[in-house]
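Biologist: Before I trust the labels on this model, I want the reasoning behind them. Can we take them one at a time?

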Amino acid sequence: MTGSYTIQNGNYLVQTIKWFSVLIVLSWIIDFTQQSFGVKTTPPPFENDLLQFFGITLAPILEETVFRLILIGVPLFLWYSKKGSVRLLAKSLWNPNNLAIENPKKAIILIVFVGVFFGLSHIVSDQSWSNGKFAQAAISGIILGWVYYKYGFVASTLIHWATNYLIYSYGYLVSSVNEIPVSTAFSHSLLGTIEILFVITGTISIFMLLMEYRQKKLEV
């Protein structure tokens, strides 16, 4: 929109789309690699498809509140805030950029730690995935943590919600139209086409991030 290819940051919605597509590409690479070694990612069983879809829709809000807002946002405030203000707490939880973070090393370590914990939580809960979900969920947790740290709670929640709801909504649509199980619907050509579009978009996003990193290095 500015007419310059060197400026791609835009607002947090631009970053949401960019990092969402990056997350999809990395998840696809992990899944493809694991399946090559016979490691499958199996979702927890649900007797009712409607309840499963409701859970998929609600989970991002609950998980982002716990894993990002509480487990990342609160420690960041305790570490980096220079005054104990309720207003600053609320603003920093909504977007950690409201804190004056000069040395982000502790923040990055925290993001990685919480991301790994996020991955573990997907395979040890009562309604758990198979062990193949750990790597996907951990990488997703790290990306979501980074997005929350850089762009705020709304951005990370939108990415998480899109990853769950958007993809599965097409699965349930194909399942309903063709009267086939949801698990079978994900091998349908429509889902395959959408996956290809996501991978292409994610590849472009990764290229844009590399360009952005190179531009910053040149400026230094």
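**Labels and their reasons**

Modeller: Start with tyrosine 12, in a model that is predicted. Tyrosine 12 touches Tyr151, Val154, Ala155 and Leu158, leaving aside residues up to four places away in sequence.

Biologist: What makes these count as touching?

Modeller: Contact means heavy atoms within 4.5 Å. Tyrosine 12 meets that with Tyr151, Val154, Ala155 and Leu158. Tyrosine 12 itself sits in helix α1, residues 12-36.

Biologist: Why is tyrosine 12 called partly exposed?

Modeller: Its relative accessibility is 35%. Buried means under 20% and exposed means over 50%, so a value in between is partly exposed. Tyrosine 12 therefore counts as partly exposed.

Biologist: And threonine 157, buried or exposed?

Modeller: Buried, because its relative accessibility is 13% and the cut-off is under 20%. Threonine 157 lies in helix α6 and touches Ile61 and Glu64, again leaving aside residues up to four places away in sequence.

Biologist: What makes the pair of threonine 157 and phenylalanine 153 a polar contact?

Modeller: A polar atom of the threonine 157 side chain lies 2.8 Å from the backbone oxygen of phenylalanine 153. The limit is 3.5 Å, so the distance qualifies.

Biologist: How do you know what span to expect for α6?

Modeller: The expected span is 1.5 Å times one less than the number of residues. Helix α6, residues 153-178, has 26 residues, and the expected value is 38 Å. From first C-alpha to last, α6 reaches 37 Å, close to that.

Biologist: Where is the kink in α6 centred?

Modeller: On alanine 162, with a bend of about 35°. After α6 comes glutamate 179, with a positive phi near 55°.

Note on methods
Residues numbered from 1 in each chain as written. Predicted model: local features only at pLDDT ≥ 70, side-chain atom pairs only at ≥ 80, totals over all residues. Heavy atoms only, no water. Helix = DSSP H or I, 4+ residues; strand = E, 2+ residues; numbered from the N terminus. Bend = angle between axes of the 7 residues up to and from the residue. Buried < 20%, exposed > 50% of the residue type's maximum accessible area, 1.4 Å probe, protein only. Polar contact = N/O pair within 3.5 Å; in protein donor to acceptor, adjacent residues only side chain to side chain.
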